[in-house]
Structure formats: C-alpha cells, structure tokens
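Subject: Structure for you to look at

Hello,

Here is the structure I promised. Please open it alongside this email and follow along.

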Amino acid sequence: MSELQFQNDINLLTDILPPKIKRHIQEGSLDDAIEIVLDIGRIPEVRMGNGKIVYLGSDTVVSDDIEFIVEKIPEFTSDNRSGLAGTLHRISAIRNRQGKIIGLTMRIGRVITGTIACIKDFVMQNKSILFLGRPGVGKTTKLREISRLVADEIGKRVVVVDTSNEIAGDGDVAHPAIGKARRMQVSQPEFQKDVMIEAVENHTPEVIVVDEIGTELEAAAARTIAERGVMLIATAHGNTLENIIKNPQMSDLVGGVSSVTLGDDEAKHRGCQKTVLEREKQPTFDIVIEIIDRNTLAVYKNTAEAVDYILRGWPITPEIRKVDQNYEFKNNKPVQGAENNIMDKVNELDNMAGSAQSPLNFSFNRQKYVDDVKNHKKVYIYAVSRSIVDKIIERLDINAEIVRNVEDADFVIAHKNFAKGGTKVLAVANEYRLPVYFVRTNSMSQIQKVLKDALHLTQEQVVKHKYTGYMDETELALDEAKAAIAKVMEGAETVELQPQPQHIRKIQHEYVEANNLSSVSEGEGNTRHLRIFKDEPV
C-alpha cells in the first residue's frame, strides 16, 4: 500500500470520530498505531506498536460519543464486528448485559509487504501451510500477502474465505491487498465451515485461504479440503505446535493423537512406558509455521515428523527464518543475503589476488572461509564457567563464541542445579526455539560433552585435534559401544571393543543389554575387552 493510500484509509477512520476526539489526532501520529480504544467513563487512547499508550485529550468518553460513531458505520454482526467499506479497519463492540454498546475497539488495518519473503520457498511448493501465533503478531497480514502472491505472481485460482471481513476488508469489493484472489464473505463465524466446503464445491479453487480455524467442525472441513487436493493456507488458535497437539478439537489438523499400548519388547526397545501417544493419521497441513514475533518465524518443514518427535519426547529444532533478512532460493534451499554478500566479497578478493593493480596478493581458500562463516555458532551460558568454556573452544578449535544476549545465541548451556533460578532465561530460549543443554557440574569433561552434543561433533572430529586427554574416558567408551551396536544392527556378526577397566566394561555391558544385544568380556589383564553380538555365543 502506498503512503497516500494509507493516509486516505486513516482519514476514513478518523472521520467517524467525534470532533472532541478527532482534534487531538495530529497528522502522522497514527503511523505506528495498532488500535484506538474508546470506553465509556475513560479517556480515549491509542495503542502503539511498541506497546506505548497515547491518550487523546483529557475528556472521558460518554454514551453520545459511542452513538456518534455507531451511526456512521454498518450494523454490527453477531460477533460484534463492523468495518468501513474499502478499508482493512475493523471496529469491534463491547456491550453491557442489556446489549447496549459501552466500548469500541477500532483496529487500524494496513497492508504490510515483505513479511513472507523469507518463506516464499515454502509457499511455492504447493503444500498446505498452517500459521500459529498469539493475537496481534501478524498472522492475518501474512495470509493477505500470500493470497496476493499466489494469485498474482503464480497465477493460481485463489479463494479467500473471509470471516467477519478480516482479510479483505469491509464492503462488497475486496481490498486490493489480496490481488486477483476472490473473496467469499462469511456472515457469521459459525458458518465458516460451510463456506469453506462451498468454496471447494462451487468455485473450483486451487488454493483456499482461511483465517482462525478454531472448532472441531472447522478442522474437519479443512481436512476435507486437503483431501480433495486443494492447497490450504490457514491460521489456527494456538501459539505453538505443541498447543495444537494437546488441543483435542484442533489436533486433527496435525494428524490427531491416540493412545497406543506397546508390547513388552517394543516398550523395552524404545525405553518408555507401555502406553504411549501416537499420531493417528497424515496431517492436514504439510508445513507448520510458528510466528514467534513480527520478525521471527519457526518453520516445521515436515509436520508428520515434527509431531512424531514431540509425542515421543525427542528433541526437534525448527528452522528459524528472519523477516528482516534477505534470502535467495536455489533448488528450494534458502541462502541468506548476508552469505551472498560474503560470496560477492570473496569473489572480488579472489579475482583481485595476484593482479598488478591489487594491493592484495595472497593464497586464499574461498570455500573454507565461507564454510567457517556459515558454521559459526553462538552459545549463551547460564551458571556455567566461562573460563572453562573458552578453554574448550580454544583447545578443540571449535568454531563458536560466547554471546551476552540469549536472543543472539544458537543454543544455551545451563547448570542443572541453577535452572530454577534461570526461569526467565530459559523462557526466552524456549520462545526463540533455542536448544538448551544442561551440565551437572562445572567440570571440563561435563562441559566438553555438552559442547560436543550441541555442535554434533563426532569422536573422530575431536580426536583429529589431538585433545582426547580432555575427553571423559567413560563417554569415549560409550561412544565406541554405540558405534559397535550400530554395526551389529546393520548385519555384522560380532564387533570387539578396545580394552577398558572393569568399571567401564560394566557400563558398556549395561548399555549393550539396553539395546537388546549380547556381550561378553574377553582377554586378560590390560587386554580385557567386550565383544558384542546378536545371538548367544556358541
């Protein structure tokens, strides 16, 4: 939307305000406003995007002020919503017990472009996408922009099921923000499910866009649409994927959940109880995107896999996309703009090196430089020794650094004994979907083990740096046993381990038994070691 168009829309909204309130609104003062709130007996206020509240004058709102506005707008529907034709502004009423309007919330609607540029590759995959997030975080804005993108740029037949005219504005003519997409209005929220089915049966869409799926019947309608091969873009009531899984009415959107009783062997193999939760069927939506804040999106690219991981208690980290970062997509793989700049700079230096006019004349490994930048990790520590972490990073030559703010980190390391005191830090980490690793003590071996797990370092990578002296010997022995178990599972008849002391061999025996394999100790003295196999020895 152009600045002129935005000002025209704002003028249409301010024109319905009583003169005593309107005169306190200066030109440009609503540029960052979210809504105007009027309640009888209170001073009218403007709520800004940064959380601040600006009061309009000092006179309180009276019944005549409310009636002045109500007379200038269309009648409120059953959900107490109204609007202004040709705009995205929404006006909601608060009534007393007798039905009289005693308050108004005038939400300022505006078109914001560029909010889906970072997830454009997912939109182009012709897969159904579900957006989650708290109210006011920008879900509807993204639906509006996706509708225009798919209809105008891709050329698909798009139908927007617009409950309460939330997406395409009030009036019979849809707002230009949805481009060439068609809009079907929903007279009352409870009829949304019927209009969704009607859209598929009567108007042959390739894509359907729906805002706020919130009931079991609407979830069933969404599944019906998806099963007919129509791409579905929707939002739902829930902040995270876990919220949807735990909501009995909404869980069908991600495959549904049922209780399953496992056999003894399967329960032992999984290391869990006999009664577990499992996904019932294929999810309605192929991709789930959590909107953490207006600038941060967490993407689960495979909903079925993500739900299975969550139900089994396995760790899963969504892909984080930033709205304010530039991405270029090659073969559906995102390449951040920052990395493109690095490549451009590297190419420039590479071309200059050795030339007569260049001040730079050196041997330069371009790929290593780019890999180092891409793989650089940032860690936030809580109640963990910084000196030990620094020493491990230095001695193992790990491509990582400690940061001051948890929001800037890729993962968090916290001391388990102080986790309760770090509730705020852990809450922020959870909000930004950051993995959190705990250590029991501030020992070199404990912290190094956690760093190894967090950075997915293999034993070979650590040994390569010749600092095995800093590796916990028990951990190394278990890693060796784990690798041997994998070989036996893949078909090897038997695998022998390195010699170990008795207390470590005991731990290895228990670990092998937990994986439903057999093992025996062989050799004498310093050569005594484990041999792992499937069947009992002959």
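**What I found**

Start with Thr 14, which sits in helix α1, residues 3-14. Keep in mind that this is a predicted model. Is Thr 14 buried or exposed? Thr 14 counts as buried, because its relative accessibility is 7% and the cut-off for buried is under 20%. Which residues does Thr 14 touch, once neighbours within four places in sequence are set aside? The contacts are Lys 22, Ile 25 and Leu 30.

**A patch on the surface**

Next, look at Ile 40, Ile 94 and Ile 102. These residues make up a nonpolar patch on the surface. Together they have about 210 Å² of accessible area. Take Ile 40 from that group. Ile 40 is in the loop between β1 (33-39) and β2 (45-48). Its relative accessible area is 32%, so Ile 40 is partly exposed.

**A glycine in a loop**

Now move along to Gly 263. Find it in the loop between β12 (257-261) and α9 (264-270). Gly 263 is partly exposed, because its relative accessibility is 39%. Compare its position with that of Gln 273. The two residues are 10 apart in sequence. In space, their C-alpha atoms are 9.9 Å apart.

**Salt bridges**

Side chains of opposite charge can pair when their charged atoms come close. How many salt bridges does a search of the whole structure find? The search finds 25. Here are some to look up.

- Arg 47 and Glu 45: their side chains meet in a salt bridge, at 3.2 Å from N to O. Arg 47 is partly exposed at 33% relative accessibility, whereas Glu 45 is buried at 12%.
- Lys 301 and Glu 319: the closest N and O atoms of this salt bridge are 3.1 Å apart. This pair links distant parts of the chain, 18 residues apart. Lys 301 lies in the loop between β15 (296-300) and α10 (303-312), and Glu 319 lies in strand β16, residues 319-322. Lys 301 is partly exposed, with a relative accessible area of 48%. Glu 319 is also partly exposed, at 22% relative accessibility.
- Glu 522 and Arg 531: their side chains form a salt bridge at 2.7 Å, N to O. Glu 522 is partly exposed, with a relative accessible area of 25%. Arg 531 counts as buried, because 19% relative accessibility falls under the 20% cut-off.

There is also a network. Lys 120, Glu 145, Arg 148 and Glu 153 are joined into one by salt bridges that share partners.

**Helix α7**

Last, turn to helix α7, residues 216-227. What span should its 12 residues have? At 1.5 Å a residue, the expected span is 16 Å. The end C-alpha atoms are 17 Å apart, so the model agrees with the expected span.

Which residues of α7 are buried? They are Glu 218, Ala 219, Ala 221, Ala 222, Arg 223 and Ile 225. What covers these buried residues? The cover includes α6 (192-203), β10 (207-213) and β11 (231-236). Then check the residue Gly 229, just after α7: it takes a positive phi of about 80°.

Best wishes

Methods: Residues are numbered from 1 along each chain as its sequence is written. This is a predicted model: local features need pLDDT of at least 70, side-chain atom pairs count only at pLDDT 80 or more; totals for chains, interfaces and linings use all residues. Side-chain values use heavy atoms; hydrogens and water are left out. Helices (H or I, at least four residues) and strands (E, at least two) are DSSP runs, numbered from the N terminus. Buried means under 20% relative accessible area, exposed over 50%, partly exposed in between (1.4 Å probe, protein chains only). Contact means heavy atoms within 4.5 Å. Patches are made of residues with over 30% relative accessible area and no salt bridge: like charges are joined within 9 Å, nonpolar side chains (Val, Leu, Ile, Met, Phe, Trp, Tyr) within 5 Å. Accessible areas come from the Shrake-Rupley method with a 1.4 Å probe; for residues, only the protein chains shown count as cover. A salt bridge is a side-chain nitrogen of Lys or Arg within 4 Å of a carboxyl oxygen of Asp or Glu. The expected span of a helix is 1.5 Å times one less than its number of residues.
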